[in-house]
Amino acid sequence: MTCRLANTLKKNGIKKGDRVAIYMPVSPMAVAAMLACARIGAVHTVVFAGFSADSLAGRINDSECKAVITSNQGVRGGRVIELKKTVDEAVKNCPSVKCVFVTQRTTNKIHMGSRDILLEEEMAKEVPVCSPEIMDSEDMLFMLYTSGSTGKPKGIVHTQAGYLLYAALTHKHVFDYKQDDIFGCMADIGWITGHSYVVYGPLCNGSTTVLFESTPVYPNPGRYWETVQRLKINQFYCAPTALRLLLKYGDEFVKKYDRSSLTTLGSVGEPINHEAWQWFYNVVGEGRCSLVDTWWQTETGGICIAPRPSEKGAEIIPAIAMRPFYGITPVLMDERGNVLEGNDVSGALCIAQPWPGIARTIYGDHQRFVEAYFKAYPGYYFTGDGAYRTKEGYYQITGRMDDVLNISGHRLGTAEIEDAMDEHPAVPETAVISYPHDIKGEGKQMKFVHSHNNTILPLLKQVVKRLPKTRSGKIMRRLLRKIVTGNVSDMGDITTLDDSSVIEEILDAYAKYKIKHPTL
């Protein structure tokens with residue numbers, strides 16, 4: 001499949017160095033599209049198949065893509081998504097695009113224009129052999145866009161050898177992968193987790209890798225665990241936001257399925273709270289699986305801090321990433337840019353030396369890359385996250401540095417406060433931010449609570465129906481801060497926001513809150 005697709009791309013003028021946008025649902029054909037690009041030396045940029053036409057067009061134009069690979073439609077959580085229509089709208093404003101390849105995910109017919117190509121029909125005409133392009137170790141492999149609080153999204157560039165090496169090594173050692181294991185990462189291929197731990201890492205190690213197209217609650221909240229039983233998955237990797245959602249449905253949807261094949265559980269995307277960790281470990285893993293809370297970023301290419309690898313039988317502390325991976329040298333910096341020595345200290349998390357998977361640049365804007373990651377602490381890679389080094393020397397991520405509360409000189413991580421609030425059975429999720437205070441400086445806390453339990457509403461100050469999240473499930477706290485401070489004229493980049501209508505909902509809820517508390 002990969003070779004036929006690669007030959008189809010070459011036949012239509014795609015060559016080494018050309019950029020190709022992939023806007024597809026999680027599917028074998030989407031993975032083949034990524035690998036076909038890699039095989040002929042083209043640079044793929046996968047765009048999550050839920051982004052708007054404007055978001056897609058922005059990424060296509062920034063990377064000057066020559067082609068787009070898409071599907072006629074997508075199917076997710078019982079809904080049909082009109083992918084081709086979105087692409088049609090996007091490429092109207094993309095002069096670099098010469099052709100659009102369309103695969104058939106459903107049997108429904110769609111409009112085909114002059115530059116549209118039915119991919120399966122063209123692939124059938126090609127031979128199933130395609131010699132791989134000879135590439136330099138530092139040639140581009142792919143680009144992946146990540147949003148920022150200001151400015152346009154950043155096209156993070158990863159290169160051939162270093163990225164693949166790091167993805168393969170971290171997959172093998174963090175998850176204790178063994179030959180013939182079945183690896184189940186629930187991430188969408190539109191995110192870096194899908195790149196490193198659905199596609200490149202597992203396949204490089206010869207693993208069978210699982211593609212998950214649905215949602216955690218469709219057709220019911222047992223979908224993950226039914227998949228584990230049916231496919232006999234050994235390693236299971238998902239996001240805390242999914243776990244927090246599922247644990248509210250109770251244990252019955254888990255226990256009705258056989259999970260004896262599981263050996264390692266993994267968490268990714270944001271710090272996991274204690275309640276979700278304990279449920280994942282004790283209920284899903286039956287208290288017998290290693291649970292690795294992994295910390296890393298789009299820019300790092302792979303996992304940087306995790307409880308494993310470690311000595312056999314070494315302890316795993318709940319909800320802490322703990323140990324740096326091979327070659328990763330974390331340091332904590334104070335506000336003056338000094339390295340914090342010793343243990344039992346908190347600061348800005350930086351990395352002191354390069355590693356194979358580190359991103360090489362931002363496409364078309366290397367100066368922005370330098371300023372974003374290396375200017376704040378010269379000589380170090382600045383992650384943007386804060387961390388606490390425990391008395392034992394382990395690392396605990398406290399959240400994004402711009403999410404740290406500084407109240408009367410006391411620095412508190414939002415993740416710690418949210419963790420405590422999430423313990424309440426009537427609270428699915430919370431988001432904690434700070435806002436200016438004329439006495440305490442960066443003073444008070446504002447707790448946005450997502451709850452449907454009317455019995456606790458009188459006890460809560462700021463209740464919302466839902467929280468602003470990216471499509472990968474991360475809470476966009478900076479948007480809440482802008483709302484609270486009245487800075488709503490410039491919300492920054494919101495292309496990764498799952499549903500922009502949530503902003504209006506929260507603005508309305510906050511306006512009502514202000515009426516009740518006019519002195520704030």
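**Entry 1: getting the term straight**

A salt bridge is a side-chain nitrogen of Lys or Arg within 4 Å of a carboxyl oxygen of Asp or Glu. I keep in mind that this is a predicted model. With that definition in hand, I looked at one group of residues: Lys11, Glu122, Lys125 and Glu126 are linked in a network of salt bridges. Side chains of opposite charge can pair when their charged atoms come close.

How many salt bridges does the whole structure hold? My search found 20 salt bridges.

**Entry 2: one link of the network**

Next I picked out Glu122 and Lys125. Their closest N and O atoms are 3.0 Å apart, and the two form a salt bridge. Are these residues buried or exposed? I noted that Glu122 has a relative accessible area of 17%, so Glu122 falls under the 20% limit and counts as buried. Lys125 reaches 56% relative accessibility, which means Lys125 is over the 50% limit and counts as exposed.

**Entry 3: Glu286 and Arg259**

Then I turned to Glu286, which forms a salt bridge with Arg259, with 3.5 Å between the closest N and O atoms. Where in the chain do these partners sit? Glu286 lies in the loop between α11 (274-284) and β14 (290-293), while Arg259 lies in the loop between α10 (252-255) and β13 (264-267). The pair is 27 residues apart and links distant parts of the chain.

I checked accessibility here too. Arg259 is buried, at 4% relative accessible area, whereas Glu286 is partly exposed, at 43%.

**Entry 4: the strands that turned up along the way**

Since β13 and β14 had come up, I looked at how they are arranged. I found that they run parallel and are joined by four bridges. Within this pairing, Ser267 stands opposite Asp293 in β14. I also saw that β13, α11 and β14 together make a β-α-β unit, and a right-handed one.

**Entry 5: Arg466 and Glu505**

My last lookup was the salt bridge in which the side chains of Arg466 and Glu505 meet, at 2.9 Å from N to O. Which elements does this pair link? Arg466 is in the loop between β27 (463-464) and α14 (477-484), and Glu505 is in helix α15 (residues 501-516). These two residues are 39 residues apart, so I wrote them down as another link between distant parts of the chain.

For accessibility, I have Arg466 at 26%, partly exposed, and Glu505 at 30%, also partly exposed.

Key. Residues numbered from 1 in each chain as written. Predicted model: local features only at pLDDT ≥ 70, side-chain atom pairs only at ≥ 80, totals over all residues. Heavy atoms only, no water. Buried < 20%, exposed > 50% of the residue type's maximum accessible area, 1.4 Å probe, protein only. Pairing = 2+ DSSP bridges. Right-handed = clockwise from strand over helix to strand, strands pointing away.
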